[in-house]
Amino acid sequence: MKNSMFRLAYYSHNHLPDDAATFAVSIQELLEKSRANNLRDGITGALLFNKGCFAQVLEGSLDKVEAAFERIQQDERHGDVSLLALDPIEQRSFPNWAMGFIGKSQKCAERFSTIGTLSGFDPTALNGGEIQSLLRDLALEEETAYQS
Ligand SMILES: Cc1cc2nc3c(=O)[nH]c(=O)nc-3n(C[C@H](O)[C@H](O)[C@H](O)COP(=O)(O)O)c2cc1C
């Protein structure tokens, strides 16, 4: 069990400013810091932003994932942080992403609006595994969109 990997999923409510320009700068700062830390700690994952909510998947060793989540919970840029899942995994779903960010492309927005209609955009309606597969699908779509 020493080297086993874990996946943590949570969602939270945004406290960053609403206006698009400030939000974009704040997210950029947050992602740069997160990616540097995650590279150092061997953490991969994805962060989704939509309709005022964040959903994030972190995968890596248990001690590193728990330490990152401790810091994330204290962060005043979001609140009402709700843990959805913490499970052992066989392999990473986001091996190439120190922290992918989903929420930029038009395609992603369209895709999410369909999911929103189905789930009412309520992250509590999704469990950790569903959040993980949703983020993975959206990440792959977004990756494809940016490659073209
Ligand atoms: C929505 C959200 C997601 C975050 N994701 C990560 C992350 O994946 N990894 C990380 O180290 N910090 C993440 N952070 C930032 C942490 O809360 C914290 O500011 C940072 O880890 C502090 O790093 P430092 O101790 O090196 O200054 C996130 C913050 C927010 C609001």
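## Helix H2: two sides

Let's start on the outward side of helix H2, where Asp63 and Gln74 are exposed. Keep in mind that this is a predicted model. Opposite them, the buried residues of H2 are Val65, Ala68, Phe69 and Ile72. Looking down the axis of H2, you would find these buried residues within an arc of 100°, so they line one face of the helix. The general pattern is familiar: an α-helix has 3.6 residues a turn, so residues three or four places apart point the same way.

What does the buried face of H2 pack against? Its partners are strand E1 (5–14), E3 and strand E4 (78–89). As for length, H2 has 13 residues and spans 19 Å from first C-alpha to last, close to the 18 Å expected at 1.5 Å a residue.

## Lysine 64, a residue in between

Helix H2 also holds lysine 64. With a relative accessibility of 34%, this lysine counts as partly exposed, because the partly exposed class lies between the 20% limit for buried and the 50% limit for exposed.

Leaving aside residues up to four places away in sequence, lysine 64 touches Asp41 and Ile43. Asparagine 38 is a useful landmark here too: 26 residues separate it from lysine 64 in sequence, while their C-alpha atoms are 8.8 Å apart in space.

## Helix H1

Now for H1, which has 22 residues and reaches 31 Å between its first and last C-alpha, close to the 32 Å expected at 1.5 Å a residue. Its buried residues are Phe23, Ser26, Ile27, Leu30, Leu31, Ser34, Asn37, Asn38 and Asp41. Seen down the axis of H1, they fall within an arc of 140°, so they line one face of the helix. The cover over these buried residues includes E1, strand E2 (44–50), E3, H2 and strand E5 (100–102).

Turn to the other side of H1 and you will find Ala21, Val25, Glu29, Glu32, Lys33, Leu39 and Arg40 exposed. Just after H1 comes glycine 42, which takes a positive phi of about 70°.

## The largest pocket

How much space lies in the largest pocket? The figure is about 330 Å³. Of the 18 residues that line this pocket, Leu30, Ser34, Ile72, Asp75 and Arg77 are the closest to its centre. Two of these names should ring a bell from H1, where Leu30 and Ser34 are among the buried residues, and Ile72 is one of the buried residues of H2.

Three elements give two or more residues to the lining: helix H1 (20–41), strand E3 (53–61) and helix H2 (62–74). H1 gives the most, with five residues. Sorted by class, the lining of the largest pocket has nine nonpolar, five polar and four charged residues.

## The whole chain

Stepping back, the protein chain has four helices and five strands. From the N terminus on, these elements run β-α-β-β-α-β-β-α-α.

Of the 148 residues of the chain, 45% count as buried. What share of the contacts with a separation of 6 or more comes from residues 24 or more positions apart? In this protein chain, such pairs account for 80% of them. The contacts of lysine 64 with Asp41 and Ile43 offer a small local view of how H2 touches other parts of the chain.

Key. Residues are numbered from 1 along each chain as its sequence is written. This is a predicted model: local features need pLDDT of at least 70, side-chain atom pairs count only at pLDDT 80 or more; totals for chains, interfaces and linings use all residues. Side-chain values use heavy atoms; hydrogens and water are left out. On a 1 Å grid over the protein atoms alone, a cavity is a set of points where a 1.4 Å probe fits but cannot get out, and a pocket is an open set with protein on both sides within 12 Å along at least five of seven lines; lining residues have an atom within 4 Å of a point. Grid points are joined across faces, edges and corners, and a volume is the space filled by probe spheres set on the points. Ala, Val, Leu, Ile, Met, Phe, Trp, Tyr, Cys and Pro count as nonpolar, Asp, Glu, Lys and Arg as charged, and the others, Gly among them, as polar. The expected span of a helix is 1.5 Å times one less than its number of residues. Buried means under 20% relative accessible area, exposed over 50%, partly exposed in between (1.4 Å probe, protein chains only). The arc is that of the directions from the helix axis to the C-beta atoms. Contact means heavy atoms within 4.5 Å.
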